[in-house]
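I opened this structure to practise reading a fold from its coordinates. These entries record what I looked up, in the order in which I looked.

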Amino acid sequence: MPRAEKLTIADICEDLGINRSTFYDWRAKGRAPKCMKLPNGDLRVRRADYDRWLASLEDAA
């Protein structure tokens with residue numbers, strides 16, 4: 001069974017065309033996709049969580 005793909009913050013920022021600071025601002029306000037913090041402090045986002053988050057934005061529009 002393949003492991004779920006995990007995206008970096010850089011991957012997400014590139015996909016959305018935003019700056020890292022924008023992502024972290026959204027995260028502080030609770031508007032970013034669900035993140036996991038790795039032991040080294042880096043953040044990752046599961047592809048499924050990212051896709052669900054994007055879909056929820058479509059519903060809100």
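**Entry 1: a residue in helix 1**

I started with Ile 12, which I found in helix 1, and I kept in mind from the outset that the model is predicted. My question was whether Ile 12 is buried or exposed. With a relative accessible area of 1%, Ile 12 is buried, because buried is the word for anything under 20%. I then listed what Ile 12 touches, leaving out residues up to four places away in sequence, and the list holds Leu 7, Phe 23, Pro 33, Val 45 and Tyr 50. I also looked up a pair that stands apart in sequence: Ile 12 and Asp 59 are 47 residues apart along the chain, and their C-alpha atoms are separated by 20 Å.

**Entry 2: the whole chain**

Before going further I stepped back to the chain, which has three helices and three strands. Reading along the sequence, I wrote down the pattern β-α-α-β-β-α. The C-alpha trace spans about 35 × 30 × 20 Å along its principal axes. Of the 61 residues, 23% count as buried, and Ile 12 from my first entry is a buried residue. I also noted that, of the contacts with a separation of 6 or more, 39% are between residues 24 or more positions apart.

**Entry 3: how helix 1 meets helix 2**

Next I asked at what angle the axes of helix 1 and helix 2 cross. For helix 1 (residues 9–16) and helix 2 (residues 20–28), the axes cross at roughly 105° and come within 9 Å. Helix 1 is therefore roughly perpendicular to helix 2, since angles of 65 to 115 degrees are given that name. On the side of helix 1, the residues that take part are Ile 9, Ala 10, Ile 12, Cys 13 and Leu 16, and they meet Arg 20, Phe 23, Tyr 24 and Trp 26 in helix 2. Sorted by class, this contact has eight nonpolar residues, no polar ones and one charged residue.

**Entry 4: a residue in strand 3**

I moved on to Leu 43, which lies in strand 3 (residues 43–46). Leu 43 has a relative accessible area of 7% and is buried. Which residues does Leu 43 touch, not counting residues up to four places away in sequence? I wrote down Leu 7, Thr 8, Ile 9, Tyr 24, Arg 27, Cys 35, Met 36 and Lys 37. For a distance I chose Leu 43 and Trp 53, which are 10 residues apart in sequence and 16 Å apart in space, C-alpha to C-alpha.

**Entry 5: aromatic rings**

I then searched for aromatic pairs, and the count comes to three. In one of them, Trp 26 and Trp 53 form a tilted pair, with 6.0 Å centre to centre and 45° between the planes. This pair links distant parts of the chain, as Trp 26 is in helix 2 and Trp 53 is in helix 3, 27 residues apart. Trp 26 is partly exposed, at a relative accessible area of 25%, whereas Trp 53 counts as buried at 11%. The rings of Tyr 50 and Trp 53 have their centres 6.1 Å apart and their planes at 25°, so that pair is stacked. Tyr 50 and Trp 53 are three residues apart in helix 3, which means that about one helical turn separates them. Tyr 50 is itself buried, with a relative accessible area of 1%. Taken together, ring pairs link Trp 26, Tyr 50 and Trp 53 into a cluster.

**Entry 6: a polar contact in helix 3**

My last search was around Asp 49, which has its place in helix 3 (residues 47–60). Asp 49 counts as buried, at 13% relative accessibility. Which side chain is joined to that of Asp 49 by a polar contact of 2.5 Å? The partner is Arg 52, which is also in helix 3. Unlike Asp 49, which is buried, Arg 52 is exposed, with a relative accessible area of 53%. Leaving aside neighbours within four places in sequence, I found Asp 49 in contact with Pro 33 and Lys 34. As a closing check I looked up Arg 52 and Lys 34, which are 18 residues apart in sequence and 9.8 Å apart in space, C-alpha to C-alpha.

Methods:
Residues are numbered from 1 along each chain as its sequence is written. This is a predicted model: local features need pLDDT of at least 70, side-chain atom pairs count only at pLDDT 80 or more; totals for chains, interfaces and linings use all residues. Side-chain values use heavy atoms; hydrogens and water are left out. Axes are lines fitted to C-alpha atoms, for helices over the stretch in contact, and angles run from 0 to 180 degrees between N-to-C directions. Helices (H or I, at least four residues) and strands (E, at least two) are DSSP runs, numbered from the N terminus. Angles under 35 degrees count as roughly parallel, over 145 as roughly antiparallel, 65 to 115 as roughly perpendicular and the rest as oblique. Contact means heavy atoms within 4.5 Å. Ala, Val, Leu, Ile, Met, Phe, Trp, Tyr, Cys and Pro count as nonpolar, Asp, Glu, Lys and Arg as charged, and the others, Gly among them, as polar. Buried means under 20% relative accessible area, exposed over 50%, partly exposed in between (1.4 Å probe, protein chains only). A polar contact is a pair of N or O atoms within 3.5 Å; within protein, one must be able to donate a hydrogen and the other to accept it, and residues adjacent in sequence count only if both atoms are side-chain atoms. Rings of Phe, Tyr and Trp (its six-membered ring) pair if their centres lie within 6.5 Å; planes under 30 degrees apart count as stacked, over 60 as edge-to-face and the rest as tilted.
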